[in-house]
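Here is a quick walk through one chain, from its overall layout down to a few side-chain contacts. Have the viewer open and follow along.

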Amino acid sequence: MPTKKKPQVTAAKKAQVTAPKKPAAAAAAAHARRRELLETAAEVFAEQGYNATTVRRIADHAGMLAGSLYYHFDSKESMLEEILRTFLDELWDGYDTVLAAALGPRETLEALVTESFREIDRHRAAVAIYQKESKQLVAQDRFTFLAESQRKFETAWLSTLELGVAERVFRADLDVRLTYRFVRDTVWVAASWYRPGGQHSPEEIARQYLSMVLDGIAVRT
């Protein structure tokens with residue numbers, strides 16, 4: 001009887017057998033590339049303004065064709081939304097942890113300021129965009145989450161200051177709304193000059209800011 005020949009296995013088929021696809025590694029690489037593109041877009045939005053920024057300009061800064069950028073995102077609006085949502089989600093993760101800790105009003109204020117500077121360190125460009133563009137963006141349906149976050153932000157800070165006055169930790173004559181605006185603007189304007197990896201850590205900058213603010217509003221003993 002003639003012997004049956006074994007089917008030949010081509011090099012390509014051997015490669016498929018010996019080197020199976022790694023979907024987890026591919027997904028991780030795609031995620032990293034997406035994050036890199038969002039960081040580039042955030043820097044461009046922060047520097048040139050949202051309205052003046054085009055998809056082509058973002059692609060140029062990323063070193064790719066505009067058409068290739070559409071492989072990852074369907075529009076510059078979707079990029080901006082993801083940038084701002086990521087920043088605010090992380091901000092509220094930190095704030096909610098602080099508020100749930102049931103600290104005293106002074107300690108809560110200190111922790112909120114420190115967490116704010118940490119977020120500036122992580123998302124400097126996103127903070128700058130939020131500062132410049134949020135008033136215009138909230139008129140669009142896809143950015144209404146900005147207004148909700150602003151309401152939560154105001155409530156958290158005002159309630160902390162009001163509790164501090166009630167517990168005689170802060171001065172009785174303190175205008176809490178004016179103080180809130182001062183602290184808010186003083187902290188977040190740092191995004192215009194802060195650069196990660198600089199001389200001072202976010203925690204050190206927070207300590208310096210707090211020493212200036214609290215010397216003015218803490219009860220003198």
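Going along the sequence, the pattern reads α-α-α-α-α-α-α-α-α-α. In this predicted model, that comes to ten helices and zero strands. The chain has 221 residues, and 39% of them count as buried.

Let's start with the charges. Side chains of opposite charge can pair when their charged atoms come close. The count here comes to 15 salt bridges. Three of the pairs are set out below.

| Acidic residue | Basic residue | Closest N and O atoms |
|---|---|---|
| Glu 81 | Arg 142 | 2.8 Å |
| Glu 115 | Arg 118 | 3.5 Å |
| Glu 115 | Arg 122 | 3.5 Å |

What does the salt bridge between Glu 81 and Arg 142 tie together? Glu 81 sits in helix 5 while Arg 142 belongs to the loop between helix 7 (124–137) and helix 8, so the pair joins parts that are 61 residues apart in sequence. Glu 81 is buried, at 17% relative accessible area, whereas Arg 142 is partly exposed at 34%.

Glu 115 is a more local story: Glu 115 and Arg 118 are three residues apart in helix 6, which puts about one helical turn between them. Glu 115 is buried, with a relative accessible area of 10%. Its two partners in the table are both listed as partly exposed: Arg 118 at 29% and Arg 122 at 44%. Zoom out a bit and there is a network of salt bridges linking Glu 115, Arg 118, Glu 119, Arg 122 and Glu 203.

Charge also shows up unpaired. On the surface, Asp 89, Glu 90, Asp 93 and Asp 96 gather in a patch of negative charge. Glu 90 belongs to helix 5 (residues 76–100). Is Glu 90 buried or partly exposed? Its relative accessible area is 32%, so Glu 90 counts as partly exposed.

Now for the rings. A pair of aromatic rings is described by the distance of the centres and the angle of the planes. The structure holds twelve aromatic pairs. One of them, Phe 153 with Trp 157, is tilted, at 5.6 Å centre to centre and 35 degrees between the planes. Both residues lie in helix 8, four residues apart, or about one turn of the helix. Phe 153 is buried at 6% relative accessibility, and Trp 157 is buried at 1%. The two also belong to one aromatic cluster, together with Phe 87, Trp 92, Tyr 95, Tyr 130, Tyr 180 and Trp 188.

For a contact between parts distant in sequence, try Leu 214, in helix 10 (residues 202–217). Its C-alpha atom is separated by 8.5 Å from that of Arg 106, although their positions lie 108 residues apart along the chain. Leu 214 counts as buried, at 3% relative accessibility.

Finally, a couple of backbone oddities. Most residues other than glycine have a negative phi. Which phi values does the model give for Ala 102 and Arg 168? Ala 102 has a positive phi near 55 degrees, and Arg 168 has a positive one near 60 degrees. Both sit in loops: Ala 102 between helix 5 and helix 6 (105–122), Arg 168 between helix 8 (145–166) and helix 9 (176–188). Ala 102 is exposed, with a relative accessible area of 66%, and Arg 168 is likewise exposed at 66%.

Key:
Residues numbered from 1 in each chain as written. Predicted model: local features only at pLDDT ≥ 70, side-chain atom pairs only at ≥ 80, totals over all residues. Heavy atoms only, no water. Patch = residues over 30% accessible without salt bridge, like charges linked within 9 Å, V, L, I, M, F, W, Y side chains within 5 Å. Areas by Shrake-Rupley, 256 points an atom, 1.4 Å probe, with all protein chains shown as cover. Salt bridge = Lys/Arg side-chain N within 4 Å of Asp/Glu carboxyl O. Lys, Arg positive; Asp, Glu negative; His and termini not counted. Charge placed at Lys NZ, Arg CZ, Asp CG, Glu CD. Helix = DSSP H or I, 4+ residues; strand = E, 2+ residues; numbered from the N terminus. Buried < 20%, exposed > 50% of the residue type's maximum accessible area, 1.4 Å probe, protein only. Phe/Tyr/Trp six-rings, centres within 6.5 Å; stacked < 30°, edge-to-face > 60°.
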